[in-house]
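Colleague: I have a new model on my screen and would love to go through it with you. Could you show me how the labels follow from the values?

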There are 2 protein chains.
Amino acid sequence: MKSTHTHIKDNFWNEYSELVRQTVIPYQWEALNDRILDAEPSYSIRNFRIAAGLEKGDFGGWIFQDSDLYKWLEAVAYSLERHPDPELEQIADEAIALIGQAQHENGYLNTYFTIQEPGNEWTNLYEAHELYCAGHLFEAAVAYYKATGKRNLLNISCRFADLIASLFGTNPGQMKAYCGHPEVELALVKLYQVTGEERYLNLSLYFIDERGSKPSYFIEEWERRGRTTIWAQGAPNLEVYQSHLPVREQPVAVGHSVRAVYLYTAMADLARLTGDVKLREACERLWANTTGKQMYITGGIGATHLGEAFTFDHDLPNDTVYAETCASIGLIFWARRMLQLEAKSEYADVMERALYNNVLGSMAKDGKHFFYVNPLEVLPEASVKNPDKFHVKPVRQKWFGCSCCPPNVARLIGSLDEYIYDVSEDGRTAHVHLYIGSEVSFEAGGQKVVLSQKSELPWDGRVEFMVSLPEEANEASFTLALRVPNWFNSDRPTLKVNGESIHYSIEQGYAKVDCMWKDGDVVEWLLPIETKLIAANPLIRADAGKAAIQRGPFVYCVEEADNGKPLASLSLADEPTLTERMAADLLGGCVVVEGAGFVTDDSGWEPGLPYRTLSKQKKAVRFKAIPYYLWGNREPGEMSIWLRY
Amino acid sequence: MKSTHTHIKDNFWNEYSELVRQTVIPYQWEALNDRILDAEPSYSIRNFRIAAGLEKGDFGGWIFQDSDLYKWLEAVAYSLERHPDPELEQIADEAIALIGQAQHENGYLNTYFTIQEPGNEWTNLYEAHELYCAGHLFEAAVAYYKATGKRNLLNISCRFADLIASLFGTNPGQMKAYCGHPEVELALVKLYQVTGEERYLNLSLYFIDERGSKPSYFIEEWERRGRTTIWAQGAPNLEVYQSHLPVREQPVAVGHSVRAVYLYTAMADLARLTGDVKLREACERLWANTTGKQMYITGGIGATHLGEAFTFDHDLPNDTVYAETCASIGLIFWARRMLQLEAKSEYADVMERALYNNVLGSMAKDGKHFFYVNPLEVLPEASVKNPDKFHVKPVRQKWFGCSCCPPNVARLIGSLDEYIYDVSEDGRTAHVHLYIGSEVSFEAGGQKVVLSQKSELPWDGRVEFMVSLPEEANEASFTLALRVPNWFNSDRPTLKVNGESIHYSIEQGYAKVDCMWKDGDVVEWLLPIETKLIAANPLIRADAGKAAIQRGPFVYCVEEADNGKPLASLSLADEPTLTERMAADLLGGCVVVEGAGFVTDDSGWEPGLPYRTLSKQKKAVRFKAIPYYLWGNREPGEMSIWLRY
C-alpha cells in the first residue's frame, strides 16, 4: 500500500474521537491507577511498579492485566498522532519508562510472572497469556513510534520479540508452541511492517503454521503441569483456543470469539503478505461462516458466555447472548485485513455493521461506562434474578476487573481514519469503504491528490467528494471506487460528477468511476436512506416471526422508556407505516423511527393467572424505536431489537 | 380422614402401574446394584455393604445416594401393597436387613459419613443431606409397614428418628438446626401418622419453626467449617435453601425448586394437623406464587439449571428451562396436602397438570429411560453445542449419577390411588379430584359404600360413577363432590343421576350432589373434551405471541418427526381449524391434533445469508401435534410446545 494520510472531519465521529481524547483516555488512566471510586481496581500500573522493584506487593488483577496498559498506550498514540498533547505524551513516556524498568535483562516482560511466578515463565502457554500481552505491547510500540517517532517502546518490544523468536520455533531446543490467546501473530506483522525486519513476519507465520499441529502442545503442556490449569477444568479444550486443527484446515469459527477473530486477522495479514493461497482460502471460509451464520444483526459474535464463545451455525439467542465488545472490534480488525486482501464490499458492510451497532453501543455517551456483553434483548430483572443472564448487564459498568473492552474501544475509535480508504500501491484506485467525513491525501501516478469527503451519514445519505490537486492546471488519473452499502435500497445509487449523473460499473460491490480528475471536481454519491424491516434467516430460530428495524447503518431497538413494558407484548402492525424524524433533544440527537404496532390486550389477565384460552385481542399503539447504539442511556429498562410481526 | 381404600382400574394408568411393577422397579434394582450397562453406576447397594462391613471400598456417588435405595423401597412397598410378589418382597427384605446392618448402635444411619467421614456427622447440615436421607428412609419404612405389616424398617426408622429428636431442638446441648434439603419434615409427619407418636410430629414442627431463624445456623456452621463447602461457593445462599426467612414470612417461592416444594408439603401437613393459621396462610401465599407466576404450562417448576431453582415471577424460558421431574412430583405432593387442607379444585387442577405432562413425560414408554430436565422447546444441536443448554437432553437417559428422579416417578405412580379421592372424616363427603377409573370403599354414616369410577379420560370426557352398597335395601347419605376441571370448556358440565340431568351447586370448583344413595345408582359426569388454544399471561415474556394446544389434561407439542424443521418457522393460521383423531398405531395410541399453519417461505435464503429485507411470504401447511408426554420417543429432533400465531 502506498503511504496515504487520512484525517477525519465528521460531525458524528469527531464527537466520539473527542470523547476518547478528552474523557476516555484520561478516565482510563485513572482506572489503570486504581483511582476510580467504586470500580474494581485495575492494578495495572501497580503491577508494573512492583515488577520494576519500585513497590512491594502481590500481583493484582487478571493474569493478562499488563495488556490494559498497552492498549491504553496504543490509544494514546493514536490520539497524539492526530492531536498533539505534550502533557499526555509526558504521562505516556513515564509509563513507557516504567515498562522498561519492569523488563528483564534478556528482554522478558510480564509482570505476572515477574512478581508471582518467577521461574515459571513459558510453562503455561495455554492459559497464561504471555505472548498475548507481548502482542499488545508490540501494537502499542508501533503506534507510539508512528505517532511520536520515539523508539523507546519499540526497542523494548524488539528486545522482547527477539527473545521470543529465540525461544519458539522448530530448531533444536526451541518450543514448538504458540499462545492460547492469539494476538501476538497480528502484532508481529505490525512490528515487521514498521521495522522491516522479516524475522518478525516469520515468527508470526511460525505461530500460525504451528497452531493445531499434532501432538497438541497444549495437551503435552497440561500433562507436564501435572494436569493443572488456572481456569479450565480437565484437559485443554482445543476448539476453545482454535488449536484443534491446523488453521488452514479449520472449517468453521469455533471457540472463544475474541481469540478467533484475532487469529483470523493475523491469518489475513499473512495471506496477503505471503500470497499463501491455502491461508487465504481458510480466511474466506471462516469469514463466510462467521459473518454468514454466526453473527448477530448488530455485528456481535459469540453466542454464549460460557467460554465467551461461538456455539454453532445459526444459534444466535438474543437474551443469553454474549457478543463481547472486543469480539466485534476483532471482527472489524479482520474485516479491515480482508478488504486489503480483496476489496469486496461485504467486508466493509460487516465492518460498518459492527462499528455502528455493537461497538458504538458498548460505550455510554459519557465515555465512562461500558458494556462488555452487548445483548439484543434485555429484561433488567432477569439480569439480577436469573443466573443464566447474570452476565447481561442492563446498565453500562464503570470498569471491569477484566477490562479488555474499554481500551479496545478507545484504540479503535482513535484509529478510525485507517478504516475509511484503501489506495492501491500505484495510486490508481482509491476505494472508499466508509462514508465518514474526511480528507485523504495520496499520490496517483506521481500527482499529489487530496480527496475530501463530506458525508451526511449516518443520518442522511448524501455524500460528496471533492478532488483537490496542488496546482490547478494538473490532472490526476485514478479510479474512485465507492462502496454500495448493503443497506441501500436499490443496487445502483445515483452518482454525479460535477452535477451530471454518470453511468458506472459495479465490481465486487464498489461503484467504479475511472476519470482524469481535475482540481475541484465534485462527485455526488446519493444513498437516500430508507427505514427498513429486516428478517433473519429462518434457520436463526431465535428471530423467527420477528423483524428488526434498520435505517442506514443503524440497527434500531425499542426501549421501555418509550414503549412501556412488557416489550414482548409489542408487535408490528401488518403495515407498520414507519415514519422517521430527527429528535434533536433525545440522547444527543438521533433519528427516531415510529410505527404502527399492537400490544397484547392484558385485560382479564390478573398477574396470578398464568394460562387461559387464547384470545387474540390487542390494542393498536404507535411504537418508537431508537438506534441501538444509544440504548441504555436512560433509566434501566427493557430493550429489544427484534419485534414480532 | 377416614380410612378409605382405593384401587385403580384404568386402561391408561394400569399400563403405567404395570410398567412400574414389571419394568421400572426391577430395572432400578439393577441400577442400584450397578448392573446397567453404559449407565453411570449408582453405588447405592455397594455403599450400604461397605457401611455394613461386608465389603471394603470408598463411598461412591453423591452424598445423598442412600436416598435412591429408600425411594426404591418405597416404590416397592406400593407395588407389594397392590400386587403381592413374594420374590420382590424377599429382595426388599434383604435390602432392609442390609440397611439395618449399616445402622449404628445409637441409631445413626448414613453410609456417606459411616464410610467417608466418621466423626463428622451433623457438621454440615447445609449440604450433607443427612436429614434428607433420613426422611426418605422414614417414608419407605411407613410405606413398607403399611404394605406388608413388617416393622423392621419402621423400627430402624424410629431408632434413627429418636436419635435425631434427641440431637435437635431448643434444649441445652441440642442443635438449633435443620436440613439444607427439606424432606425429613414431611417424612416425620408420616412417621407420626403411622406410629401415633406425637414426638415425631413435634420434631417436624420444630424443624419448620426453626428454619430461617436468625442468626442463621447455616452461616454459623459455615464459619465453624472454616468457610468450606462441598459444592457452593462462598457463604451459604440462604434463599437457595429456603432459610432466608422464617417459613411463615416467606412471600414468594425461591431457591432450589425441589427443596421448596418438599418444604411446602410439610408445611401444609402441619398447618392441617396443628390448625396453625399463619402456616396455612404461608402455604396459600406460596401456592399462589408458585402456580400462578412460576409454573410452566406442563406443571414444571424451576426456570434455571443453575441451582436447579426458581428465578422470579413470570420468568419461564422454554429452552433454558429446568423443570426437574422431582420438582413436579414435589408439586403434586404439595397439591395433595393443599387439597386435604381445603378441597379447592385449583389444587387438583395443578396436580393433574403436573402429573399428565411434566411427570408422565419424564419417563420413556419403555420405563427404562428418564428425563431429569423437562424442556418445553428442544433443538438437539443446541444441547450438544451450546453450553447454556447442555443440561437439556433431547433423549431420555438411562440412569443418572444423581438419580433422584426415576425412583420418584416410580413411587408416585405406584401410589397414585392415594391422589384420586378424599372422603371426609365422617364419610359425608366424597371428593373426586382425578378422573381415573377406580374403586373406593369407605363408610358413610356407618354404611359401607363402594364407589366405582369408570373414566374415558384422558382421551374422552365421559365419566361414570356407580354406588354399591353391600345390601341392596340399604341407603347411604353422602355428598359426591366432582371436580370441574379447569380445562373444561364451560363452567357447568352435565351431571346425570340414573339417566336424568340434575341441577347442582358448585363450591370451590366441585360440583356437589347430596343424595340418599341406593345400591346401583349411576352418576354420569360429562366433560366433552375440546382441543383448545391456550395463551400465557402477557407477563410471561417467553410465550408472547404464542399459543399452546391443550386437550383435556394434556398439553400438546409439535415434533420434527411430524413437522420437519426448523420448528420455529411454523406458525398457526388465523383459523387453525384444529382436528383430532385417535392414532392407534402412534406411540402406543394417542389422540393426534392437526391444524392449519404456515411455515416461513425459505426460498432465496441461502444458509449463508443471515439478514435481508423482510418478506412475509409463507407456505400453508397442515401441522401435527402429539401429547407432550409422548415427545422424544422417536428419533431425536426438534420439539416445541408453544407455537407462534
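Colleague: What makes β19 (residues 590-600) and β21 of chain A paired strands?

Modeller: This is a predicted model, and in it β19(A) and β21(A) are joined by eight bridges in the antiparallel sense. A pair needs at least two bridges, so these strands count as paired. One example of the contact is A:V599, which stands opposite A:K619 in β21(A).

Colleague: How do you know that β21(A) also pairs with β16 (residues 554-559) of chain A?

Modeller: Three bridges link β16(A) to β21(A), residues 618-627, and the two run antiparallel. The cut-off is at least two, so the label holds here as well. Look for A:C557, whose bridge partner in β21(A) is A:I626.

Colleague: Why are β1 (5-8) and β10 (500-501) of chain A said to stand at the edges?

Modeller: Start with the strand order of the open sheet, β1-β5-β6-β7-β13-β9-β10 in chain A: seven strands with antiparallel pairing. β1(A) and β10(A) each have a single partner strand, so one side of each has no neighbour in the sheet. Within that order, β7 (residues 462-468) and β13 (residues 522-526) of chain A are joined by five bridges, and A:M466 has A:V522 as its bridge partner.

Colleague: Let's move to chain B. What do β18(B) and β19(B) form?

Modeller: They form a hairpin, with six residues between the strands. The two pair in the antiparallel sense over five bridges, and B:R581 stands opposite B:V592 in β19(B). In the turn, B:L587 has a positive phi of about 55°.

Colleague: Why is B:D574 called exposed?

Modeller: Its relative accessible area is 61%. Exposed means over 50%, so B:D574 earns the word. You will find B:D574 in the loop between β17 (570-572) and β18 (579-583) of chain B.

Colleague: Which residues form the negative surface patch with B:D574?

Modeller: The patch consists of A:D574, A:E575, B:D574 and B:E575. Asp and Glu count as negative, so the patch takes that name.

Colleague: One last residue: is A:V384 buried or exposed?

Modeller: A:V384 has 60% relative accessibility. Buried would need under 20% and exposed needs over 50%, so A:V384 is exposed. This residue belongs to helix α15 (residues 380-385) of chain A.

Colleague: How far is A:V384 from A:Y43?

Modeller: Their C-alpha atoms are separated by 27 Å, and the two residues are 341 residues apart along the chain.

Key:
Residues numbered from 1 in each chain as written. Chains lettered and ligands numbered in written order. Predicted model: local features only at pLDDT ≥ 70, side-chain atom pairs only at ≥ 80, totals over all residues. Heavy atoms only, no water. Patch = residues over 30% accessible without salt bridge, like charges linked within 9 Å, V, L, I, M, F, W, Y side chains within 5 Å. Areas by Shrake-Rupley, 256 points an atom, 1.4 Å probe, with all protein chains shown as cover. Salt bridge = Lys/Arg side-chain N within 4 Å of Asp/Glu carboxyl O. Charge placed at Lys NZ, Arg CZ, Asp CG, Glu CD. Helix = DSSP H or I, 4+ residues; strand = E, 2+ residues; numbered from the N terminus. Buried < 20%, exposed > 50% of the residue type's maximum accessible area, 1.4 Å probe, protein only.
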